[in-house]
Every structure is written in C-alpha cells, then in structure tokens.
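Colleague: I should like a close look at a single part of this structure, namely its salt bridges and their surroundings. Please set out which side chains pair and how exposed they are.

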Amino acid sequence: MTPADSIAVLGGAGTGKTHFGGQLIGRLRQQGGVLRLAKAPRERTVFDDVQQRLQEGRSAEHTPTLQYGEERLPIVSASGAALELVWADYGGEQLDRAIE
C-alpha cells in the first residue's frame, strides 16, 4: 500500500465492527504474526473493554449511537514495512442515518 491508500471498515448497527476491531488489535499485540504493533499504545485503546470481555467469553457492549472514537496504532510487517492503522469506532446508527 502507498501512503495514499486506505481501507474503510463500514457497517450499520449491530454488524460487529467493534468486535472485529478488538479482535484485530488483540492479534496485532501478539508477536508471531505477519503484522504486529510497532510499539504499545501510550494510553488505553478504545478496544480495551472489548478485548477484556472477549477474553472472558462475553460479548462487548453495543457502541453508543452518538459515540465516535478513533484509534491510531503504528503497525510493522515481518519485512519491516511500517504503516499506521487508523480505526474508527462508531455507533452504526450514524452510518445508517447517513445512507438514509
């Protein structure tokens, strides 16, 4: 990917965006994959509660309708290529309304 490339994860209410983000970040924190976090976040991530609940075998809470959080994480590949993961966590109703 070039610096101008981007991928958006979009979905309406109840589609699992937050769960997916929590699982993805959990996997990036592990050291054995092709992609991993280049360094640990300095602050709590918007997905810490999601990861905790998933580890307990429970579902995460629904993201509130008006909530918007953004996570910026430095990622590095096994070959040393660096990129920044910018993940938006939002209530899916916001997208539903925009489409309507």
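Modeller: The account below takes the salt bridges in turn and then moves to the buried interior.

This is a predicted model, in which local features need pLDDT of at least 70 and side-chain atom pairs count only at pLDDT 80 or more, while totals for chains, interfaces and linings use all residues. Residues are numbered from 1 along each chain as its sequence is written, and side-chain values use heavy atoms, with hydrogens and water left out.

A search of the whole structure finds three salt bridges (a side-chain nitrogen of Lys or Arg within 4 Å of a carboxyl oxygen of Asp or Glu). One of them joins aspartate 48 to arginine 29, with 3.4 Å between the closest N and O atoms. Because aspartate 48 lies in helix H2 (residues 48-55) and arginine 29 in helix H1 (residues 17-29), this pair ties together parts that are 19 residues apart in sequence. Helices (H or I, at least four residues) and strands (E, at least two) are DSSP runs, numbered from the N terminus. Arginine 29 has 33% relative accessibility and so counts as partly exposed; buried means under 20% relative accessible area, exposed over 50%, and partly exposed in between (1.4 Å probe, protein chains only).

Arginine 29 also takes part in a polar contact of 2.7 Å with the side chain of glutamine 51 (a pair of N or O atoms within 3.5 Å; within protein, one must be able to donate a hydrogen and the other to accept it, and residues adjacent in sequence count only if both atoms are side-chain atoms). Glutamine 51 is found in helix H2 and, at 9% relative accessibility, counts as buried. Its side chain also reaches the backbone oxygen of glycine 22, at 3.3 Å.

A further salt bridge is formed by glutamate 84 and arginine 72, whose closest N and O atoms are 3.1 Å apart. This pair links distant parts of the chain, with glutamate 84 in strand E3 (residues 82-90) and arginine 72 in strand E2 (residues 68-77), 12 residues apart. Glutamate 84 is partly exposed at 48% relative accessibility, and arginine 72 is partly exposed at 47%.

Glutamate 56 and arginine 58 also meet through their side chains in a salt bridge, at 2.8 Å from N to O. Glutamate 56 is partly exposed at 42%, as is arginine 58 at 40%.

As for the interior, the largest nonpolar core has 10 residues, among them Ile25, Leu28, Ile75 and Trp87 (a set of buried Ala, Val, Leu, Ile, Met, Phe, Trp, Tyr and Cys residues joined through side-chain atoms within 4.5 Å). H1, E2 and E3 each supply at least two residues of this core.
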